Amino acid sequence: MTETLANLALGFSVALSPQVLIYCVIGCFIGTLVGMLPGLGPLAGISLLLPVSFGLSPTVALVMLAGIYYGAMYGGSTTSILMRLPGEAASVMTCIDGHAMARQGRAGAALAIAAIGSFVAGTLSLVGLMLLAPPLASLALKFGPPEQCALLVLGLVVLAAMGGGSVLKSLAMTVLGLWLGTIGIDQMSGFFRFQFGLVELGDGIGLVPVAVGLFGIAEILASAGKPQLERPRTPAFRELWPSRREFADSAGAIGRGTVLGFLIGIIPGSAHIVASFASYGIEKRVSKTPERFGQGAIAGVAGPESANNAAACGALVPMLALGVPSGAIPAVMIAALVVHGVAPGPTLIQDQPALFWGFVAAMYVGNLVLLAMNLPLVGVFVQLLRIPYAYLYPAILAFCVLGVYAASQSAVDLWIMAGAGAVGYGLRKAGFETAPVVLGLVLSPMLENAWRQSLAMSDGSYAVFVQRPIAAGFMLAAAVMLAWGMRRR
Amino acid sequence: MIRFAFAAILAALAVPALAQGAFPDRPIAMIVPFPPGGVADQTARPVAAAMEKALKQPVVLANRQGAGGAVGMAATAAARPDGYTIMTALSSISVIPEADKLFERKPAYTMDQFAPLALISSDPTVLVVNAERPWKSVAELVADAKARPGQISFSSSGVYGTLHMATEMFAHAAQVKFKHVPFNGAGPAMTALLGGHVDILASGPGVVLPQIKAGKVRALAGWGAKRLDVMPELPTFKELGFDIEFYIWAGVFAPAATPAPILETLRRAIAQGVKDPDFVAAMEKAGTPVAYLDAPEFKKFWDTDAARLAKALRAIGKVEGG
């Protein structure tokens, strides 16, 4: 323990040096901007700025990239709450209750809780990262394809079984998402599937156009269809801050979201997205007023936002402790380290104590910077809602088109977005929830790969999912959850 | 993407100036058919920076990933052959057309659509096993694999990816059968080996070296014609009596119809660039030592390598459903 504290002191001496601090602030700021644009997620932000980091020292580069990563996670919540536009998949759950709160004039509270939840989750996860990185990392390696597959099944079932309406309807939406995810080149054999001769579909249906269409565009269509446009009540300044009751409702959600997100984040295989969806399901389950979910329950914002940030932090554990990436973003960060001549590997923490502890300390500082930057901005962002819909909606539409096109430079993606908007509007009218479609779409390739890898390992025997204890546990939990969800109807 | 758009805008603005002045009089776009952070990207960035100095024009990177690199390679093949679009690609450039043939698909591109400019690096793959597995030598591994065919498993970066091809080449030469568990990329393949979910893996020296140093994996042999400088005690397969070679290499290409004088200018820029101390330092830091070959030698190297890969691919045959 004393050793850890001494190391942390070393870390802070690195992190609080003016140069590191400046790049930390720059990274957080760019990240927040990137997160707000619907097309650009943290991965795009980090990738674009990777070359800029080449001229910096390894510690400074890593701190800046981590700032972008974190900042994008924060930024994604802003557009989700204000405009129901998920900047990335992890923000989808925030859209539901966050935007409902905005319509009731509680946008300020939702934004503040999102920022505070993210801050608490980020800080607590860092303590976890610091104390537990080496032992947890070796545990994470026990998660092979069968365990990942079982975890993904559990994640999908949790959302479907905990969702608002009928479990069957939610499962149907999950399956729709999973099917959409199989479009494109089969990653294992290189065959084209369901692409109807369109070369552009070879790489599959992008998440961004679908999420923006199902949530942003469908929301605009739904609002425009109402005879009298209701305007969200713009709050007085003193109403921006969450009420005591809202804080009380959020506290437990933030705690549970943090633990859940951190644990899911450590597992290699990019299943982090499950964290925010599963957190929403759990909050709804433990809530005394589950009927308020979807109508602006603050726990539905606090839980997923915290889980999202904790997962982002947990994902760094295998990278720092073992030198193996647990997802696309840590992979880019490893690449950045390699360029700087730092070989990420199992001995990184011993070989480069100043780098590791400086990084940990800089993340603490970064969390603080983000909180300080985001809370004052809440008031500014809420002003956006004062703009009449006649002006705001065309602007949002333009924003969607621009963001989606910028992300891929493909006109096909714009058609997919428009189609998803129309379908999303129809599904809403018919009482289907569309969040499971997004989760299914994101998880489909991972689920399929893990499934096929598991069966390759076991020579085609399905017993592999029940013979391994961790996988069996997840599968059992999924079965119980499904049975419970069906019985509840 | 943004940078690509930027380059395109710069290029468009410069169009009126076309046909006057010597090549290059505007920025050059270098396509990388893989995402940022991979081997191709890590090689292309220092190359682009070194070429910039020699050409006195910006060389702007554009990551056009997708379909295992086929998207970016097809885009280069179809680009206007004026020297303003070049590409840094990996050995998989020779595998994709062969796989298309195997599956009787319309090819995304053919290899004669490219003019090779220079080979930048080539690293032989290294065979490693999880340190908790019993095998201490290739002979022990082969004996065990013969005793229980299809039981010993290996991970790879994907079907027909470099790591898959290298392992199958070895399996074919040793007349054994391993169980294939494909992943997406060399990183996840290593994670699976470390977790003990698979038994063996072939990967580049940069990936395996830190894990060897930490004692998590054990190296058995290398695929090079001669031993690696960084692992002088590691035998090559050739020394062990297996006549196989496999390299993960990166080279620079232009569309085939690019006029000869322009190709000449680009070649000279690379030749000058690879001597740049900044370039050498950047490559060494990234763990990929420079193995420069000028266009004629690179062409020979490429032809030999492509023939080797085509043979290995036909030996593997169609992989149905993984």
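**Cores and a central strand in a predicted model**

User: Among contacts in chain B between residues at least 6 apart in sequence, what share joins residues at least 24 apart?
Analyst: This is a predicted model. The count takes contacts in chain B between residues at least 6 apart in sequence. Of these, the share that joins residues at least 24 apart is 76%.

User: How much of chain B is buried?
Analyst: Chain B has 11 helices and 11 strands. Its accessible surface is about 12800 Å², with 59% of that on carbon and sulfur atoms. Of its 322 residues, the buried part is 59%.

User: Which helix gives the most to the largest nonpolar core?
Analyst: The largest nonpolar core has 123 residues. Tyr69(A) and Phe237(B) are among those with the most contacts inside it. The top contribution is 14 residues, and it comes from helix 16 (residues 353-383) of chain A.

User: Which domains of chain B each supply at least three residues to this core?
Analyst: Leu141(B), Phe170(B) and Trp223(B) are among the residues with the most contacts inside the core. At least three residues come from each of two chain B domains: domain 1 (2-122 + 248-316) and domain 2 (126-222).

User: How many residues does the second, separate core have?
Analyst: This core is separate from the largest one. Its members include Ala110(A), Leu240(A), Tyr280(A) and Leu392(A). Its size is 91 residues.

User: Why is strand 3 of chain B largely enclosed by the rest of the structure?
Analyst: Strand 3 covers residues 85-90. Thr85(B), Met87(B) and Ala89(B) point one way, while Ile86(B), Thr88(B) and Leu90(B) point the other, and all are buried. The strand is largely enclosed because its buried residues number 6 of 6.

User: Which strand runs antiparallel to strand 3 of chain B?
Analyst: Strand 1 (residues 28-32) of chain B pairs with strand 3 in the parallel sense, over 3 bridges. There, Ile31(B) has Met87(B) as its bridge partner. On the antiparallel pairing, Ala89(B) stands opposite Gly251(B). That pairing has 4 bridges, and the partner is strand 10 (residues 247-255) of chain B.

User: Which backbone oxygen does the side chain of Thr123(A) reach?
Analyst: Thr123(A) sits in helix 6 (residues 107-141) of chain A. Leaving aside neighbours within four places in sequence, Thr123(A) contacts Tyr364(A) and Asn367(A). Its side chain reaches a backbone oxygen at 2.7 Å, that of Phe119(A).

How values were computed. Residues are numbered from 1 along each chain as its sequence is written. Chains are lettered from A and ligands numbered from 1 in the order in which they are written. This is a predicted model: local features need pLDDT of at least 70, side-chain atom pairs count only at pLDDT 80 or more; totals for chains, interfaces and linings use all residues. Side-chain values use heavy atoms; hydrogens and water are left out. A nonpolar core is a set of buried Ala, Val, Leu, Ile, Met, Phe, Trp, Tyr and Cys residues joined through side-chain atoms within 4.5 Å. Buried means under 20% relative accessible area, exposed over 50%, partly exposed in between (1.4 Å probe, protein chains only). Helices (H or I, at least four residues) and strands (E, at least two) are DSSP runs, numbered from the N terminus. Domain bounds come from an automatic or database domain assignment. Contact means heavy atoms within 4.5 Å. Accessible areas come from the Shrake-Rupley method with a 1.4 Å probe; for residues, only the protein chains shown count as cover. Two strands pair if DSSP finds at least two bridges between them. A polar contact is a pair of N or O atoms within 3.5 Å; within protein, one must be able to donate a hydrogen and the other to accept it, and residues adjacent in sequence count only if both atoms are side-chain atoms.
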